[in-house]
Amino acid sequence: MRKIAVLGLVLLVVSLTIVACGGAPAATQPGAAPAAGQAAAKTGGEKTVTIGFTTSQTGSANLESGRQTNGFKLWLDEINAKGGLKLADGTTLKFASKSYDDESKKDRVQELYTKLVNDDKADFLISPYSSGLADAVAVIAEQYGRVMITAGASSDSTHDKGYSLVYMSYTPASRYLTGALDLLAKLDPNAKKVAIINEKDKFSTDVVTAAKAYAEGKGYQIVTFEGYDTGATDFAPYINKIPAGVDAVIGGGHFADGSTFARQLLEKGIKAKFIALLVAPPEPKFAELGDAALGVIGPSQWEPLAKYSAEGAKAAGVEYYGPKLEDFVTEYKGKYTEEPSYHAAGGYAAGLLLQKAIETAGSTDTQKVKAALDKMDLMTFFGRTKFDTSEKTHGLQLGHDMVYIQWQKGADGKLTKQVVWPEAGKSASALYPAR
Amino acid sequence: MKVGNVGAVRPAASAAVPSIPARFWQRVSFWVTLAVVALLGAVAIVSQRDTLREAMFTLLMFASLASSLNILLGYTGYVSFGHIVFFGLGGYSGFYFISKQGWSIYPSLIVGGLVASVIALLIGLSILRLRGAYFALATIGILEAARAFVANFGPFGGSTGLSINFSVYRQYGGPAQALWTSFYIMWVITFIVVIVSFYIKSSRFGLGLLSIREDEDAALVMGVNAPRWKTLAYVVSAFFPGVIGTLYFFKNGNVEPADAFRLQMSIETIVMVMLGGQGTVLGPILGAATYDRLRSYLLTSDLFKNLHLAVAGLALLLIVLFVPAGVVGWLRGRFAQLRRVLE
Amino acid sequence: MPAQVLTSVVDGLMLGFVYGVAAMGMTLIWGVMRVINLSHGPLIALGMFGTYFLFTGLGLNPYLGLLLIAVVGLVAGFVIYGVAVHRVINAPYLSSLLATFAVSMMIIGVGTAALSTSPFNVDFSLGSVAAGPLTIPGTRLMAAFAAVLVAGLLYLFLYRTKPGKAIRAVSNNRGAAELMGIPSSRVLALSFGIGTMLAGLAGGLIATFFPFTILSGETYQLKSFVIGVLGGLGNPIGALVGGLVLGLLEGIIPAFMPVSWVPVIEFALFVLVLLIRPTGLLGGRA
Amino acid sequence: MILQVQGVCKRFGGLQALTDVTFDMEEGQILGLIGPNGAGKTTLFNAVNGVYPPEVGKVVFRGQDITRWAPYKVAHLGMARTFQVVRPLNELTVRDNVIVGACYGREGHSRTAGAKVADAVLERVGLAERANQLAASLNVAQKKRLEMARALAAKPYLLLLDEVLAGLNPTEVARMLDTIRQIRAEGVTIFMIEHLMHAVMNLSDWVVVLDYGKVIAQGLPQQVSTDPHVVEAYLGDPRLAAELLAGG
């Protein structure tokens with residue numbers, strides 16, 4: 001009798017150990033590189049800085065997220081290939097990264113970031129792709145006192161929560177489509193009716209809420225205002241609600257839904273003169289839609305055709321930092337055999353901004369780097385960067401601007417991407433009406 | 001369709017079954033279970049490692065979710081795919097008071113639980129009339145309807161949900177401390193769920209539930225007011241996900257419909273209950289621990305990263321096919337003497 | 001406005017046919033063996049990929065490809081039944097729910113690893129048919145036509161052939177059917193095979209007009225539940241009608257409120273029907 | 001009058017299961033209900049204790065109209081029953097099975113008090129040593145006694161026994177008959193369905209005969225067994241008919 005009770009207890013203890021250890025080994029085996037880096041911290045004035053982030057290897061955002069990671073890895077390889085970053089005090093910094101798959105889902109991402117900070121000893125963080133995930137992990141960055149650069153995330157609402165260590169590298173969502181409306185006003189002063197159909201996630205909602213207010217302020221009539229769930233594939237019910245005689249259709253969300261939406265707009269024969277969608281159009285893959293892509297405008301954080309340069313920086317009275325735009329494009333193409341999209345550029349820029357801040361601070365100390373970021377006002381290949389330092393909306397991007405691209409038919413009949421707005425940076429005039 | 005106990009294990013030996021004290025606090029098994037929960041929490045506290053604490057928070061959260069589901073699924077025999085609806089609705093309500101009304105976490109937790117219970121009462125009065133798979137289907141319907149409704153519901157922020165200002169954590173001693181506080185609360189909730197589970201199981205009420213699980217019609221004839229008791233079981237089992245939801249969203253700082261009403265999470269909770277042994281108290285806790293650690297391990301292991309779901313699915317299939325009583329159920333069935341120790 | 005409602009309703013109905021096929025398999029399996037097949041959704045998704053690979057990889061016409069998908073689906077159904085379902089067919093229903101859920105996890109797991117979760121597109125177009133305010137893509141018309149054909153064949157099979165009659169007999173009363181010498185195990189396997197085949201066919205059709213991932217089946221699985229209950233659980237022919245009812249609702253509701261309210265109404269209706277008439281609006285056996 | 005059944009009719013789809021069934025039961029009696037297979041005997045039990053509420057007619061128990069009451073309410077009033085096909089709560093122990101009867105029966109004991117009642121009842125039906133086994137592990141005769149024990153633990157005024165002797169061997173039958181007599185001696189009224197004719201005829205104070213859902217005869221055992229209607233009804237089953245005549 002007693003023996004059995006003892007046996008039971010032993011079994012229990014064994015199972016518990018397994019349970020407890022199940023947590024431990026997974027948690028205590030960080031990637032080899034950063035661990036080695038930590039060990040080498042104080043020797044010979046060389047130090048390894050670990051940057052942690054998650055990638056959506058699977059899930060709805062895997063395309064955009066993958067590009068962002070590609071861009072970041074390019075930065076990482078380049079800086080290390082150059083022998084690292086030399087600080088004023090003579091220390092050489094090498095950079096390492098540690099990342100996990102967040103499955104494009106929020107439920108594990110916080111745990112993964114906690115792990116990045118505590119087990120993998122990440123010194124700095126880059127946000128995951130998409131505003132929803134970035135918003136979730138901003139808390140973690142703040143809670144554990146790590147500076148986080150958000151890339152691929154632009155929800156304004158992340159920055160009205162009182163965070164002080166989260167810095168947005170993108171133009172905020174509220175300014176994504178306002179420029180498109182400016183463009184529309186310029187193209188066609190008589191345009192009146194605007195239909196807004198968007199994904200109902202944080203980012204797109206922030207975008208259209210701001211765009212709707214902006215449009216109404218400019219005297220546009222919003223004839224349709226509908227949201228669809230993330231992952232939607234059938235847009236017919238929404239498209240059917242667009243009344244005949246609509247001038248502009250704006251909205252969308254991310255790549256997958258946006259491209260399907262564009263395709264179904266064509267199939268359903270919607271005769272909108274102006275179509276502007278989020279995220280999807282700037283992706284090179286959007287061209288695979290063929291006719292459905294023609295004339296579609298998309299706000300882009302950055303384009304290979306953009307014209308950010310040292311001269312421009314001088315004109316604006318700020319410093320230019322990092323590689324030339326053309327060099328970035330060439331390097332990226334060399335490594336990944338495709339045009340960089342703005343997600344890729346954003347990933348690179350996140351690393352670059354961090355690099356600059358560390359260089360300015362002359363240290364990897366969180367508070368010093370934070371001070372450097374707060375003061376930062378510069379131009380890179382990605383555009384201008386300046387952060388809001390007010391207490392209410394700290395970390396919000398103030399300097400960076402959107403460009404707007406449109407898919408047009410080139411002389412050879414192939415679809416090409418042209419920058420059509422702002423006026424100063426355009427590579428072609430907008431095609432109007434689009435259809 | 002008859003609702004029966006899946007954990008149907010024919011006893012190995014009919015003789016020599018120990019008698020178990022009537023009062024649950026006199027049972028070895030009660031203290032063993034408490035010790036398990038104590039250990040799970042202590043691991044994080046002793047190590048003082050934030051990662052382990054976070055992992056244990058998730059683990060304890062699933063352990064209490066599974067245990068609370070067990071009151072309905074394991075004791076009463078009603079399979080609900082909608083347990084997470086209470087996590088969502090209760091959590092949303094509690095979180096609403098934190099973010100919009102500026103309440104402290106503590107009363108909000110209670111409110112979250114109560115809202116979940118009241119909703120369970122209203123839903124339960126109608127759908128508990130359905131039996132077997134019809135009930136299961138109805139719970140799926142309710143979960144989906146609730147998710148779609150909240151996504152359209154203005155006060156809850158519609159599809160983008162609600163969030164709290166970071167400064168809120170200051171009243172809990174700063175963000176780092178707030179995480180520890182959340183963890184402690186989670187730990188306490190797990191203890192409460194265990195004690196309530198034992199209390200119910202050893203009470204007259206619990207006996208009624210068990211008889212409903214075994215044979216609802218026979219139970220009715222024996223005088224068990226099945227409609228009332230199963231509704232009560234539903235209400236009690238819904239209270240905890242409401243509390244846990246509030247805490248979880250408080251810890252996250254935000255809530256969105258897509259995170260709050262995940263059918264997948266509901267099903268995973270059922271899997272945990274099954275894995276450990278439905279109808280037992282320790283089972284759901286061990287089941288949650290095993291499943292959660294397994295999944296978390298697979299997710300971060302380089303070898304299985306891309307196949308974690310498939311591996312977990314294979315494990316589940318093997319258990320359903322070959323150990324339907326779950327680990328604790330199997331042990332209890334195989335070694336009658338263990339019934340004193342494991343319950 | 002009326003033109004808009006008309007378009008919307010026609011779109012809904014076209015889709016309703018396909019919903020019907022998706023639900024037929026689910027409800028057939030339920031009727032015969034009282035199993036809610038939670039792997040139904042992923043199987044639909046596999047059907048989608050079937051079309052994709054046959055079309056994009058082999059250049060096979062999607063509608064010809066359906067024949068192959070049907071055969072593979074049938075065999076896959078046998079295998080799933082044999083491996084995962086047969087052992088728990090007489091156990092309480094939670095076992096079969098979880099067994100099929102485990103299958104679903106495995107399909108999605110392997111599918112995610114092999115196919116990622118980025119959307120796939122079958123770049124196949126039959127143009128559009130325009131009539132007045134209506135513009136109906138040809139693929140959807142074909143899908144509706146194929147759905148009717150599948151329903152018709154299923155009807156003939158169930159009511160005119162020996163194995164079909166055996167399926168109905170087992171569905172009515174398995175014990176009695178066994179007494180009459182009907183080999184119930186074989187019939188159950190066959191039903192699961194046909195159910196899987198129907199899931200695959202539905203997926204194959206959907207793939208011709210919507211993009212999809214390995215996760216896309218879930219929506220159709222949930223809709224299949226709703227349709228099953230509307231048309232009568234266990235009544236495969238009722239499923240087609242149920243599908244049309246659902247399609248009609250999806251066409252009409254957006255005319256009066258935001259589209260995002262559609263699922264609220266759909267699922268509330270679903271629960272209501274379960275409560276009031278669990279045998280389905282159109283009768284059928286419970 | 002402990003139970004009055006007045007004009008009870010019950011229909012299942014196209015099948016008229018009970019037609020205008022009327023009879024009374026005296027307190028302290030054993031009333032035997034007999035009839036050929038499919039006569040509607042179990043349906044009558046179900047109509048009386050609320051499992052299948054009758055469409056027409058009235059059931060009065062201890063002066064209270066309980067027609068269409070839920071079965072659990074009827075149980076609380078003091079009516080307990082056993083099932084023809086045993087329905088043990090398989091995954092519960094034998095003792096817990098009986099405690100359910102005690103806790104939810106007429107006296108509505110607490111769990112601890114219920115345990116005491118259960119132990120006493122188990123002792124009496126001879127299952128005491130199996131108290132801690134799972135009910136599923138009992139053999140058929142033991143399960144029958146478990147059914148009886150559950151019903152007794154409810155301390156009913158009226159006990160409905162549905163073929164408790166079926167499937168038992170002669171020794172077991174004798175034991176069961178003893179138990180039934182004892183129960184009656186304690187003042188519990190018994191309403192029993194039984195196929196074993198000699199047992200019914202020996203035990204019962206009053207016999208009601210159902211055929212095709214109708215009462216075709218009722219009276220003292222001797223009267224009934226010689227009633228031509230009854231004999232005719234049983235002619236379809238010669239063995240039973242012979243037994244009926246022999247038993248009378």
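## A buried helix in chain B

A residue is called buried here if 20 or more other C-beta atoms lie within 10 Å of its own, with the C-beta atoms placed from the backbone. The structure to which this rule is applied is a predicted model. In helix H7 of chain B, the residues that meet the rule are B:Arg204, B:Phe205, B:Gly206, B:Leu207, B:Gly208, B:Leu209, B:Leu210, B:Ser211, B:Ile212, B:Arg213 and B:Glu214. The helix is therefore described as mostly covered, since eleven of its eleven residues are buried, each having 20 or more such neighbours within 10 Å.

What surrounds these residues comes from two chains: the cover of H7(B) includes helix H2 (50–76), helix H6 (174–201), H8 and helix H9 (226–252) of chain B, together with helix H3 (94–104) and helix H4 (111–125) of chain D.

## Where chain B meets chain D

Helix H7 of chain B also has a part in the contact with chain D, in which 25 residues of chain B touch 32 residues of chain D. On the chain B side, the elements that give two or more residues are helix H7 (204–214) and helix H8 (216–221), and the largest share, six residues, comes from H7(B). Sorted by character, the residues on this side of chain B divide into twelve nonpolar, nine polar and four charged.

## Where chain B meets chain C

Which pair of chains has the most contacts among the four pairs that touch? The pair is that of chains B and C, and their contact takes 39 residues from chain B and 37 residues from chain C. On the chain B side, helix H4 (105–127), helix H5 (132–151), helix H11 (263–276) and helix H13 (308–322) are the elements that give two or more residues, with the largest share, 14 residues, coming from H5(B). The residues of this side of chain B divide into 30 nonpolar, eight polar and one charged.

Some pairs of chains do not touch. No contact joins chain C and chain D, whose closest C-alpha atoms lie 14 Å apart, and no contact joins chain A and chain D, for which the closest C-alpha atoms lie 16 Å apart.

## The two domains of chain D

Chain D is divided into two domains, of which domain 1 is made of three stretches (1–76 + 158–164 + 188–248), while domain 2 covers 79–156. The centres of these two domains of chain D, taken over C-alpha atoms, are separated by 25 Å, and the contact between them takes 15 residues from domain 1 and 15 residues from domain 2.

On the domain 1 side of this contact, helix H1 (41–49), helix H2 (71–77) and strand E7 (158–162) of chain D are the elements that give two or more residues. Strand E7(D) gives the most, with five residues. The residues on this side of domain 1 of chain D divide into ten nonpolar, three polar and two charged.

## Paired strands in chain D

Strand E1 (residues 3–12) and strand E4 (residues 56–61) of chain D pair in the antiparallel sense over five bridges, and along this pairing D:Val5 stands opposite D:Val59 in E4(D). Strand E4(D) is also joined by two bridges to strand E5 (residues 64–65) of chain D, again running antiparallel. Here D:Phe61 has D:Gln64 in E5(D) as its bridge partner. The hairpin of E4(D) and E5(D) has two residues between the strands, and within this hairpin D:Arg62 takes a positive phi near 50°.

## The open sheet of chain A

Chain A holds an open sheet of seven strands with mixed pairing, in the order E8-E7-E9-E10-E11-E15-E16. Strands E8 (221–228) and E16 (415–421) of chain A stand at the edges, each with a single partner strand, so that one side of each is left without a neighbour in the sheet. Neighbouring strands of the sheet are turned by 25° against each other on average, direction ignored.

Within the sheet, strand E11 (residues 296–300) and strand E15 (residues 403–409) of chain A pair in the antiparallel sense over four bridges, and the bridge partner of A:Ile297 is A:Gln406 in E15(A). Helix H7 (residues 202–217) of chain A packs on the sheet and touches strand E7 (193–199), E8 and strand E9 (248–252), its direction making about 170° with that of E7(A).

## A covered helix in chain A

Helix H4 (residues 109–118) of chain A is also mostly covered, with nine of its ten residues buried. Those buried residues of H4(A) are A:Val109, A:Gln110, A:Glu111, A:Leu112, A:Tyr113, A:Thr114, A:Lys115, A:Leu116 and A:Val117.

Methods:
Residues are numbered from 1 along each chain as its sequence is written. Chains are lettered from A and ligands numbered from 1 in the order in which they are written. This is a predicted model: local features need pLDDT of at least 70, side-chain atom pairs count only at pLDDT 80 or more; totals for chains, interfaces and linings use all residues. Two strands pair if DSSP finds at least two bridges between them. Axes are lines fitted to C-alpha atoms, for helices over the stretch in contact, and angles run from 0 to 180 degrees between N-to-C directions. Two residues are in contact if their C-beta atoms, placed from the backbone, lie within 7 Å. Domain bounds come from an automatic or database domain assignment. Ala, Val, Leu, Ile, Met, Phe, Trp, Tyr, Cys and Pro count as nonpolar, Asp, Glu, Lys and Arg as charged, and the others, Gly among them, as polar. A residue is buried if 20 or more other C-beta atoms lie within 10 Å of its own, exposed if 12 or fewer, and partly exposed in between; C-beta atoms are placed from the backbone.
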